Amino acid sequence: MPTHKEENDRIALLQGTLDLLILKTLLFGACHGQGVARSIQRQSEETFFVDHGSLYLALQRLEEGGLITAKWGVSENNRKARFYTLTARGKSELTAKAHQWNRLTRAMNQILSPSNEEA
Amino acid sequence: MPRDRRSEDDFAEEIRSHLEMEADELESEGVPRSEAERQAKVAFGGATVARERFALRHRLLRVENLRQDVRFGLRMLRRSPAFTVVAVLTLAIGIAASATVFTWINAVLLEPLGGVTAANRLVTLETVTSNGEWVPNSYPDFVDFRDHLKLFDGIAVTHIAAFSVGRDDRAERVWGQLVSGNFFAVLGVKPEAGRLFLPSEYGDTPGAYPIAVISDRYWRSHYAADPGVIGKTIRINQHELTVVGVAAPAFHGSIPVTSFDLWVPYMEQSALNGVQLWMLRDRHDRNMLGIARLKPGVTEEQARGELKSLADRMAVANADVSEGMSATLMPLWKSPHGPQGLLLGPLRILTGVCVLVLFIVCANITNLLLARATVREQEFAARIALGAGRARVVRQVMTESLLLTGAGALLGAAATPWLSHALHYFMPPGPMQLLVAMDTSPHFSVLAFTAGICLVVGLVAGIAPALQVSRMEAGARLHDGGRGATAGRKRNRLRSVLVASEVALALVAMVGAGLFACSFQQTLRVDPGFNPNHVLLNQFYLSTNGYSLAQRKEFCRRIEERMTSTPGVTDVAYSDGVPLGFEPSWWEELRIEGYAPKPNENMNIFRNIVSPGYLPLLHIPMVEGRNFTDQDNENTSHVMIVNQAFVQRFLSGRNPIGVRVHGWGDWFRIVGVAKDSKYHYLGESAPAYFYVPFRQVFREDMNLAFYVRTPGDPDAVLSTLRAQARAIDPNVTVFDAAPLKEFIGASLYPQKVAAGLLTIMGVIALVLAAVGLYSVMAYSVAQRTQEIGVRMALGAQRGQVLWMVIERALWLTGFGLATGGALCVAAVKIIAGVSFTNSGMGTNMRLLGDGSMNGAVYLTAAAILMVVAMVATYLPARRAAAVEPMRALRTD
């Protein structure tokens, strides 16, 4: 892969990654948007900053794609909130995407790991 | 997607709740409420912006996406002009061809008559002979039908006629119809100016209605659309008729794709053409084409039943002339009279071929789009990764496919009116060709058809590439540079199948063309049994000059005399019918002494009425007995010459000379037997046929064809003939002249047209298949450049690489040829059943002669395709073999 493409690809991958992270978060149960944002930030040890506006558009997209469904409910501190749930399709998509991601990172690790650098 | 229906308010509500929850959380972490609310908003990146984006997404999403897709599509198409040009041209060819054929089908079958009301309730009325053939009706039969049938809103009859309009030597021939008075009422035609025929003019009194209606076309071309012409007189066949009105512009008569300019009540026939009154009352005189309107709610079946029972009763009541006859109804397009009989067969085959070409076009476009989709995989992958959504990318591909077909359709639609005029070439030269007129103003149905074809082709061609894109895996594609492993192979298989099927379809088209061309050549080699070379044929329309019967005979005698003494003329003759012409061939019901007809045997035998010079002029030898002489005239006993087939059928084992035959109410004595020749079609097997002397049988309603044989170019005597005719009578200016050789070519027209059109279509199919093969091979070679480089680096020879690439193409072509061969055998079976009809007794004639299993045609077509395939493959293969191994390896 020519190096000059990496700049573009990084943005793309980050965008794609947001979908993956949302799906992963929802695997543990229904959650509203704000909860998803907090959860991602917490789990990544604050490495990722989630732009809340983008998050909602991503949620909307996933919902339209049938990967998640939504229902209005009441939050833990009695606020009206829209709760998202993973669908069966969403689950299989998550498995597929996660597998891909793992392959990618394993390959990246192999190339970038110190033992390879010496060779 | 039904989920799309989320309201903006709902979304706004969610954002509000998010901001509150986020502020709550921040507050619980120790941030003051007001600061917490501000931070929540900042983290959201502008709630209103998101809301707006959402709103846009929903309200304008579709329009906006479409606009973007189209704009982007156009940009992509502009960026690869070669691809765009090839694709658009391919599509334009396919679409123009189908739209043209549809225009014809529409004009012949679907909307055959313009300017009439409720055309779906109009039917053709035909008399049926005892052996099931369809013939026109007699006027007295029509009167019975008109007066006694209850299930019809009128029945009308028409008779095509050439009129001589104008005074003396400024006369002009105008084609029109002699019609029953109720003609316009039955068809539901509206006048453009003046009036049409009134109920008081529907009667059956000969010579009582000296009126005429002219066409809008004629009104504009001859009277500059002057309304003052109404009520004025017009000189037709040396008689003054009053123009009462102009028919609606869309109306062109009661025969599909044929334009007439003049309509005159049939009862004027006696005055205009000198037809004897008894002939108008003669039930034997079947020369009226019937057209009827069914009452609303009456089915064709019911009406046919009523008609048949009346006709059957009439056959009994008038047993002397109508024994065994009946009558039937059929849709307008089925009528064996008029051009549609000739057009239907070729049109049916053309439709089939068009579908074939459209398939090839679809396969080609699919192939091109697939190849492009592969090239653009990275672009699509990036768009999917960027969150474009698969549906959106699929839409993008479909949009591009539809843009291409749209452009092709525009181009095709522009060419269609121009192409549809070519219908003229379907018709033999002569009056029929002049009369055939295509209304090329854009019909809604034609436009709708073109748009439909465009949509279908766009969707069909786009579906495979779109599916391919939608199956793409964003991540995978992005890092392997578009050279997939398994998915790629699957795709290649699809493209291979497409190419193989293109080869198969092209083979079908080419074999079809080859078979038709061969069959046509075979027919051309058939000996007509007479010598048409160096003969000038002239058709006089003497009756339009107000000639009586005696005057006509006198005219013939005198012009014969004058022409015989002209230097450079070897023979002169005249007759009623022209052999192998396209005019209907007439017959007479005969009784033959000593021959007992079988029950229901058709004793209507084809005949010609000839001058003594006719058989010698055409070099038709006498086998027995003598030819007619000038002594066989009105004052001597009636004589007849029969052909060999006549003898074989009715007089086998007897001496034909001297046998008495009854016809036209008289007894004729056979004086000679002429050799069989061809009478209607070169392909026919000799029917029984007979000749009678012109001077003994000629009647007012018969035609007059005049033949002159010269040693050289027959056209050279034309001016002499014109001068001589004018010397006898300055009014005789109106006649057609053509070399007989050309005129008889008319009988070959349907075959010639079918062969010609199929050859064109075959070549189109071949070119398209070659483009398809080339694009696939070029692409697959490009894909394998790296592999080829490795092989060559490892020591493979150029030849080996070439062979490797060509081998695949060989397989593809071979597979396509095998499939195509099987398809051909099936298709030929169908085509062999398609026939055409001429107006003489509804003769059915096969378009495709014997030899449908002509092996040479199959082999030649296969060989040509093979060669084209090899060339289409060789070019990319050579490029592959010329690859420098090191460069190939670095290619990415």
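In helix H29 of chain B, the buried residues (those with 20 or more other C-beta atoms within 10 Å of their own, C-beta atoms being placed from the backbone) are B:Val857, B:Tyr858, B:Ala861, B:Ala862, B:Leu865, B:Ala869, B:Ala872, B:Thr873, B:Pro876, B:Ala877, B:Ala880 and B:Ala881. The model is predicted, with local features requiring pLDDT of at least 70 and side-chain atom pairs pLDDT 80 or more, whereas totals for chains, interfaces and linings use all residues. Residues are numbered from 1 along each chain as its sequence is written, and chains are lettered from A and ligands numbered from 1 in the order in which they are written.

Helices are DSSP runs of H or I of at least four residues, and strands are runs of E of at least two, numbered from the N terminus. Because 27 residues at 1.5 Å a residue (taken times one less than the number of residues) should span 39 Å, the 37 Å between the end C-alpha atoms of H29(B), residues 855–881, agrees with expectation. H29(B) nevertheless bends by about 30 degrees at B:Tyr874, with B:Pro876 following within four residues; the bend is the angle between axes fitted to the seven residues ending at a position and the seven starting there.

The largest nonpolar core (buried Ala, Val, Leu, Ile, Met, Phe, Trp, Tyr and Cys residues joined through C-beta atoms within 7 Å) holds 109 residues, of which B:Val357, B:Ile360, B:Ala506, B:Leu507 and B:Ala765 touch the most other members. Helix H13 of chain B, residues 340–375, supplies the largest share of this core, 21 residues.

Terms used
Buried ≥ 20, exposed ≤ 12 C-beta atoms within 10 Å, placed from the backbone.
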